[in-house]
Amino acid sequence: MSLLEARGLTKRFGGVTALDGLDLSIEPGDVIGVMGPNGAGKSTLLKTLLGEIQPDSGDVLLDGRSILGWPTHRIARSGVALAYQVPRPFLRLTVAQNVQVGALARGDRMRALDVLDLCGLAGQAQRPAGTLGLLDLKRLEMARALSLHPRVLFLDEVGAGLVAHETEQMIDIVRRVHDEGVALVIVEHVEAVIRELAERVVVIDWGKVVARGTTEEVAADPTVRNIYLGEGSAPVHRQDRQRRETAEPPLLELDGVTARYGKALALDGVSLRVQPGEVVSVLGANGAGKTTITRVITGLLPVSSGEVRMSGTVLTRLPAHRRIMHGVACCPEGRRIFGELTVHENLMLGGFTLASAERAARAEELCALFPVLAERRTQRAGTLSGGQQQLLAMARALMSKPRLLILDEASLGLSPVAVDTVFQAITDIREAGTSVLLIEQNAHRSLSIADHAYVLDRGRITYEGPARELDDPDRLSEAYFGAAR
């Protein structure tokens, strides 16, 4: 009998299937790593196992007994706990008091110091939680979860935001927790955490388990490599071009940029350039900081240090709407079109910085570039296919006549045919004179059309150079999985 088991879990949100007949078995003493790209269903799986979401079909069993319909507090008291990615302690309470709150929720009065010592916080028991740094906040989050005396502990992104030596300390604490007899399920983007801790790994995509095995077996699995790297997709042949060094400043330049989400370090001294006429690819595993780069460039996230420049002009302190006037546009992950509006109305909203006549003329130019939009000008955007919606989102971003278009995960969730269309559109955009910064999960496809590439790992640039030199199986394996194939 498994300790905790998911049987055929299916969950839909509207037309999106987040879990699709998923099975998972957790035995006493297990250390299971759960991996998957953005939108794979990892968060939905966690919430379903913890009772926060009820599945449309399937079952969740604890000690062989169904717990569907149980309130979350009953599941927690029965031995299933979660340490959240973003710690949210009671900031005005002390470290010890935070742990005692968890113990009371379980209905007993355990000694807080025992848990704090296990998590390396015994010397800070009387400090207010609001004075802790990120590493100690993550330790406290784990201590609060352990105060429930769990038999199964879910760890959600325990390494997120930590620098290398802090990650090593968290790995040591997780090992100590496992030595106490707690089964662990580690949902993680930081590859080193999975590699160091997990005895077996489960990879999910589109709500299904697509691979199981050791970390080495999973890293070598063709399906996993296709999910993370885009192997097996049809190539787009690139005309290799050397990056030209000129006396003119780069079109876009990030110079030593550091950015944070609260106390979590997201970018750590990142420097990159985009020259006029280039397609530049930014790659990295989930959680590496790729989307944070887009938020920094567009002004949605302030920088802690460093500068963002366009053609030598410092944008660092400018609000997002003023950066558009300097030639920056972004097509965000998830498209975010207005589904109830028509294609034409969506385009008009993208051109709010233009005069009325100029806006209409620009819409005509983009309909010529993307003929499918011209054919569906009066159609509601929400009725378009996924690929057509992505083209509309790209065209809407281009309405402001940007010099730089940032594309964040443009191929995410699209069929292979739609991906082909999107990548051809990126080539057309570059040929029309707009530079492109491509934040893309499909590594091989991204590199096939890029001139220059950067690889991010935990907020730092670990590779910079011509895209053709990175488009190599061993280099990509090292960048994504920490080891060559």
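Visitor: Where is the place of Thr342?
Guide: This is a predicted model. Two elements flank Thr342: strand S16 (328-331) and helix H12 (343-350). The place of Thr342 is in the loop between S16 and H12.

Visitor: Does Thr342 count as buried or exposed, and what does Thr342 touch?
Guide: Leaving out residues up to four places away in sequence, Thr342 touches Arg377, Thr378, Gln379, Arg380 and Ala381. Its relative accessibility is 17%. Buried means under 20%. Thr342 therefore counts as buried.

Visitor: Which residues of H12 are buried, and which helices are included in what covers them?
Guide: The buried residues of H12 are Val343, Asn346, Leu347, Met348 and Gly350. Their cover includes helix H13 (356-369), helix H14 (371-375) and helix H15 (386-398).

Visitor: In what order do the four strands of the open sheet with S1 stand?
Guide: The pairing in this sheet is antiparallel. Strand S2 (16-26) and strand S5 (65-66) are at the edges, each with a single partner strand, so one side of each has no neighbour in the sheet. The order is S2-S1-S4-S5.

Visitor: How many bridges pair S1 with S4, and which residue stands opposite Ala6?
Guide: Strand S1 covers residues 4-13, and strand S4 covers residues 57-62. They pair in the antiparallel sense over five bridges. Opposite Ala6, in S4, stands Val60.

Visitor: At what angle does helix H1 run to S2?
Guide: Helix H1 spans residues 42-49. It lies across S1, S2 and S4. To S2, H1 runs at about 60°.

Visitor: What is the phi of Asp63, and where is the residue placed?
Guide: Most residues other than glycine have a negative phi. Asp63 has a positive value. Asp63 is partly exposed, because its relative accessibility is 36%. Its place is in the loop between S4 and S5, and its phi is near 55°.

Visitor: How many cavities of 30 Å³ or more are there, and what volume has the second largest cavity?
Guide: The count of cavities of 30 Å³ or more comes to three. For the second largest cavity, the volume is about 50 Å³.

Visitor: Which element gives the most to the lining of the second largest cavity?
Guide: The lining residues are Ala83, Tyr84, Lys138, Glu141, Met142, Leu155, Asp156 and Val158. By class, five are nonpolar, none polar and three charged. Helix H5 (134-146) and strand S7 (152-156) each supply at least two residues. With three residues, the top contributor is H5.

Visitor: What is the bridge partner of Glu253 in S14?
Guide: Strand S11 (residues 252-261) and strand S14 (residues 305-310) run antiparallel. Five bridges join them. At Glu253, the partner in S14 is Arg309.

Visitor: What is the bridge partner of Arg309 in S15?
Guide: S14 pairs with strand S15 (residues 313-314) in the antiparallel sense, over two bridges. In S15, the partner of Arg309 is Val314.

Visitor: Which residue in the turn of the S14 and S15 hairpin has a positive phi?
Guide: The hairpin has two residues between its strands. One residue in the turn has a positive phi of about 50°. That residue is Ser311.

Visitor: How many of the six residues of S19 are buried?
Guide: Strand S19 covers residues 452-457. S19 is largely enclosed by the rest of the structure, because the number of its six residues that are buried is five.

Visitor: Which residues stand opposite Val280 in S19 and Tyr454 in S20?
Guide: Strand S13 (residues 279-283) and S19 run parallel and are joined by four bridges. S19 and S20 pair in the antiparallel sense over six bridges. Opposite Val280, in S19, is His452. Opposite Tyr454, in S20, is Glu464.

Visitor: Where does Arg458 lie, and what is its phi?
Guide: Arg458 lies in the loop between S19 and strand S20 (460-466). The hairpin of S19 and S20 has two residues between the strands. At 28% relative accessibility, Arg458 counts as partly exposed. Its phi is positive, near 50°.

Methods. Residues numbered from 1 in each chain as written. Predicted model: local features only at pLDDT ≥ 70, side-chain atom pairs only at ≥ 80, totals over all residues. Heavy atoms only, no water. Pairing = 2+ DSSP bridges. Contact = heavy atoms within 4.5 Å. Axes fitted to C-alpha atoms, helices over the stretch in contact; angles between N-to-C directions. 1 Å grid on protein atoms, 1.4 Å probe; cavity = no way out; pocket = protein on both sides within 12 Å on 5 of 7 lines; lining within 4 Å. Points joined across faces, edges and corners; volume = space filled by probe spheres on them. Nonpolar A, V, L, I, M, F, W, Y, C, P; charged D, E, K, R; others polar. Buried < 20%, exposed > 50% of the residue type's maximum accessible area, 1.4 Å probe, protein only.
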